[in-house]
Amino acid sequence: KLSALVDQYGNGTLRLSAFQNIVITDLPNEKINSALKELAKIEFQVVGSCFRWTTIACAGNFCGKSPDYPKKRASETIAYLDERFGAVKDLNVRLSFSGCPNGCARHLVADIGLQATQANIEGKPVLCYNIYVADASQTENSLGKLVKREIKADQLKFAVGSLVENYIDKRTKQESFRKFEARQRKKEHSTFATSSSSRGGE
């Protein structure tokens, strides 16, 4: 369906970005609105928060090394973040979901990196994620630091939501997530500091 749409509205060429996005090239201005409507019909939504454009996830369910399905977990998290923060138009936060320490989704260079793991809790194996957060205290391109270990997978979207909410509540004007986290750590020594409007149960 997508290839037929590209032939109809573009020049038949698709490109893939580093963020796993599909780019349709050479689309005439007068055809853009029609193309957007057709894309929505085949479930390629092009409206929403930044998380839909900057999040990447590995195909861990194919390689056999991941205890979880990172793409499914990413979709679930994005839907939750869209619901909570969809009205905030100036966000630019990159999420990466990797299924194992190999880091095929490059979780160590994302603003918020999530890596699936299996923990032993009360003698039982439990699907969890480790959370890494970018640190610009040294350089803008520093690798992420582990800030939370073994978050249960069904609670992951809430943990990520707390990070994003804290950033929205306390950032300065035009402050990037990386710079905010570096400043916040020096000030509060915890990247999971409670935001002014945190929700119960999260």
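## Exercises on a predicted model

Cys100 sits in the loop that links S4 and S5. Keep in mind as you work that this is a predicted model.

### Exercise 1: A loop cysteine

Work out whether Cys100 is buried or exposed, and find which residues it touches beyond its sequence neighbours.

*Solution.*
- Start with the accessible area: Cys100 has a relative value of 11%. Buried means under 20%, so Cys100 counts as buried.
- Next, skip everything within four places in sequence and list what is left: Cys100 is in contact with Lys65, His107, Gln115 and Ala116.
- Finally, try a C-alpha distance. Cys100 and Leu114 are 14 residues apart in the chain, and their C-alpha atoms are 9.5 Å apart in space.

### Exercise 2: The overall layout

Count the helices and strands, write down their order, and say what percentage of the residues is buried.

*Solution.*
- Count the elements: you should get seven helices and seven strands.
- Now walk along from the N terminus, and the order reads α-β-β-α-α-β-α-α-β-β-β-β-α-α.
- For burial, the protein has 202 residues, and 41% of them are buried.
- For the surface, the accessible area comes to about 11,500 Å², with 49% of it belonging to carbon and sulfur atoms.
- To see how the chain folds back on itself, take the contacts between residues at least 6 apart in sequence: 53% of these join residues at least 24 apart.

### Exercise 3: The nonpolar cores

Find the largest nonpolar core and say which element gives it the largest share of residues.

*Solution.*
- Begin with a rule of thumb: in soluble globular proteins, nonpolar side chains tend to be buried together.
- Here, the largest nonpolar core holds 29 residues, and Phe51, Ile112 and Ile131 have the most contacts inside it.
- Then sort by element. Those giving two or more residues to this core are H5, strand S4 (95–98), strand S5 (112–121), strand S6 (124–133), helix H6 (156–170) and helix H7 (177–188).
- The largest share, seven residues, comes from H6.
- Don't stop there: another core lies apart from this one, with six residues, including Leu5, Val6, Tyr9 and Ala35.

### Exercise 4: The largest pocket

Give the volume of the largest pocket and describe what lines it.

*Solution.*
- The volume is about 810 Å³.
- For the lining, you should find 25 residues, with Gln20, Asn21, Phe44, Arg52 and Trp53 lying nearest the centre.
- Which elements give two or more residues to that lining? They are strand S2 (22–24), helix H2 (32–41), helix H3 (51–54), strand S3 (56–57) and helix H5 (70–85).
- H5 supplies the largest share, five residues.
- Sorted by class, the lining has 17 nonpolar, five polar and three charged residues.

### Exercise 5: Two charged residues in H5

Say why Arg73 and Asp82 count as buried, then list their contacts away from sequence neighbours.

*Solution.*
- Place them: Arg73 is in helix H5, and so is Asp82.
- Check the numbers against the 20% cut-off. Arg73 counts as buried because its relative accessibility is 14%; Asp82 counts as buried because its value is 17%.
- Leaving out neighbours within four places, Arg73 is in contact with Asp68, Phe97, Leu127, Tyr129, Ala153, Asp154 and Leu156.
- With residues up to four places away left out, Asp82 touches Gly48, Ser49 and Arg52. Arg52 is also among the residues nearest the centre of the largest pocket.

### Exercise 6: Positive phi in loops

Take Asp26 and Glu122, find the sign of phi for each, and decide whether each one is buried or exposed.

*Solution.*
- First, the background: most residues other than glycine have a negative phi.
- Asp26 has a positive phi, near 55 degrees, and lies in the loop between S2 and H2. At 55% relative accessibility, Asp26 counts as exposed.
- Glu122 has a positive phi of about 55 degrees too, though it isn't a glycine. Glu122 is found in the loop between S5 and S6, and its relative accessible area of 79% makes it exposed.
- One more step from Asp26: Gly10 touches it, along with Leu5, Thr25 and Leu27, not counting residues up to four places away in sequence. Gly10 is in the loop between helix H1 (2–9) and strand S1 (14–16).
- Gly10 and Ala35 are 25 residues apart in sequence, with 9.0 Å between their C-alpha atoms.

Technical notes: Residues numbered from 1 in each chain as written. Predicted model: local features only at pLDDT ≥ 70, side-chain atom pairs only at ≥ 80, totals over all residues. Heavy atoms only, no water. 1 Å grid on protein atoms, 1.4 Å probe; cavity = no way out; pocket = protein on both sides within 12 Å on 5 of 7 lines; lining within 4 Å. Points joined across faces, edges and corners; volume = space filled by probe spheres on them. Helix = DSSP H or I, 4+ residues; strand = E, 2+ residues; numbered from the N terminus. Nonpolar A, V, L, I, M, F, W, Y, C, P; charged D, E, K, R; others polar. Buried < 20%, exposed > 50% of the residue type's maximum accessible area, 1.4 Å probe, protein only. Contact = heavy atoms within 4.5 Å. Areas by Shrake-Rupley, 256 points an atom, 1.4 Å probe, with all protein chains shown as cover. Core = buried A, V, L, I, M, F, W, Y, C linked by side-chain atoms within 4.5 Å.
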